[in-house]
Amino acid sequence: MDQAQLGIPLTLLNWLLVLAPIVVLLVLLAVFHWAAPDAGALGMFTAAVISLLAFRTPWMTVAVAGAKGVWDAVFILYVVWAALILYQVTRRAGAFAALRQGIMHFSRNELFLVMAFGWVFASFLQGIAGFGAPIAVVAPLLVALRVRPVYAVVIPLIGHAWAKMFGTLAVGWLATLAVVDLENATESAFQSGILLWIPNLAAGFTIAWFYGRGRGIAHAWPLVLIISLLQGGVQLLLTLWDPVLSAFLAGTVALLALYSLSRWKRSSEPAADIEERPAMAETAQAADVEGEHAPMGLAMAALPYAVLPFVAILVLVVPPIKSALAQFEIGLPFPQVQTGYGVVREGEDPYLPFSPLTHPGTFLLVASLVGWVVYRARGYYAQYQEGLGERPKGFWSDLAEDAVPSSVSVIAFLVMSKLMDHSGQTHLLALGIREVAPPTVYAFAANWIGVLGAFMTSSSTSSNILFAPIQQTVAQLEGLTEPTIIAAQNAGGAIGNVIAPANLALGTGTAGIIGREGEVLRRALPWTIAVATLVGLATILLNGRYLV
């Protein structure tokens, strides 16, 4: 859709108004340290007021957009609540105490363990599940390893970003194919793999930097290169064969390689030369772990986390099972709406049908149920509480205390996104960038548009749905190579998830630091800017190469 089709005057004032809700969010979170529920509510209100007053959006359109945003939130909140249930089930039985003790015996190298969970395991979960599951599952595990909670959220956020595009069995890629007719889909997938290797490699080095600054990188660089070759390299090769399985298989190969890598002295023994460890809590590791009561062993503690990928693979990889379970869907009808500027959103019945039986939230609930049944039958809950010498708060009150603020945040962010989309603000933002950007500049900026889309929607898939058609149109108008620009959009959508407000809220909720989303954002934002810059430069190089 170009500016003429959009109908909204592309003026400086309109373009600045479009930026206002995004600026409000960033300033409130990163500068004024507002909690995500409060910042999200004000951002949503700002988007609604601008839609009504400046973009001729009727109340009916605002209402439909808001309702769609709430429905979109269901897909994420199902993971949030299910992940927190899994956390409560395992924590109350003493599984986290057992994980801490057992993992320390598996390898005494903290840096290796942090990278194994925050980078490799998180990426594996993204390959098979997605929808926030890598953050929700891994953040508490890192806290169990005595990683500071803010870093426990940031590390899996950047660790699994490279797998966003082709993860969840390539749902983002399939969404792209659904909205644009690519001349060479294989070339677009391959170039996406090239650009996605950049955040993959950057994640490994950044996690090492978080852990031990320069000495952390000096210690971990061979491990980073090996893992990145297995993840980014294998994914790149598989995009030429089957993009749908590329992230899943690459993540699986890297996960399986961890055992061999843990036998390596560089990975199994403590890194004694690393003195500054900003990502780790100051409390002495060994004393805490040895003195903590754990009623079970490592294998039993890991049981729910072993059930999780098993169930996910069974459902998502075996076609007859997936087809049978996917038949059960829940959806809501929404009417066609439009604005005074002629922006039309077609009616849908149903809109984004929800398949609960094939959703990662159900996989988490199954893992929780298996863990609860086994732990209860073996008496672990009573043993752990007796060892603590205190009676914990009620299960559901504990759950609601963490889940409700996160839920409010997610809903506010997604409603804001839908308001901007249905009023035409999202498209006007991208078209404004095109107007002031010559071809080379636009090639650099293409992945930044993907970043913006993911920031607004908390979904790389939604970013591609919103912006891939615009990117394709601009590529044709500017004489740029279509596969390269679409690849930049794909990479940008993956990178933008790192700073997506809904993902920040999900992470802080599961790590027990609700209200500290601004701290997470301030640590994640520099990485996002640096990586998007590198991807922009790589896009220019790829575009030049394919134009020759």
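Modeller: A nonpolar core is a set of buried Ala, Val, Leu, Ile, Met, Phe, Trp, Tyr and Cys residues joined through side-chain atoms within 4.5 Å; buried means under 20% relative accessible area, exposed over 50%, partly exposed in between (1.4 Å probe, protein chains only). The model is predicted: local features need pLDDT of at least 70, side-chain atom pairs count only at pLDDT 80 or more, and totals for chains, interfaces and linings use all residues. Residues are numbered from 1 along each chain as its sequence is written, and side-chain values use heavy atoms, without hydrogens and water.

Colleague: Which helix gives the most to the largest nonpolar core?

Modeller: That core has 166 residues, and V147, M296 and W527 have the most contacts inside it. Helices (H or I, at least four residues) and strands (E, at least two) are DSSP runs, numbered from the N terminus. With 14 residues, the top contributor is the helix spanning residues 110–128, α6.

Colleague: How many residues are in the core that lies apart from it?

Modeller: This other core includes V64, W71, Y351 and F354. Its full count of residues is 7.

Colleague: Which residues is M296 in contact with, leaving aside neighbours within four places in sequence?

Modeller: M296 is among the residues with the most contacts inside the largest core. Contact means heavy atoms within 4.5 Å. On that basis the partners of M296 are A93, G94, A95, A98, A301, Y375 and Y380.

Colleague: How far apart in sequence are R108 and E269, which form a salt bridge?

Modeller: A salt bridge is a side-chain nitrogen of Lys or Arg within 4 Å of a carboxyl oxygen of Asp or Glu, and the structure holds 6 of them. In this one, the closest N and O atoms are 2.3 Å apart. R108 sits in the loop between α5 (95–106) and α6, and E269 in the loop between α12 (265–268) and α13 (285–291), a separation of 161 residues.

Colleague: What is the relative accessible area of E275, which meets R215 in a salt bridge?

Modeller: The E275–R215 pair has an N to O distance of 3.9 Å. E275 is in the loop between α12 and α13 and R215 in helix α10 (residues 185–238), so the pair ties together parts 60 residues apart in sequence. R215 is partly exposed, at 46%. E275 counts as exposed, because its relative accessible area is 68%.

Colleague: Are R345 and D421 buried or exposed?

Modeller: Their side chains meet in a salt bridge, at 3.3 Å from N to O. R345 lies in strand β3 (residues 344–345) and D421 in helix α19 (residues 395–422), so the pair ties together parts 76 residues apart in sequence. R345 and D421 are both buried.
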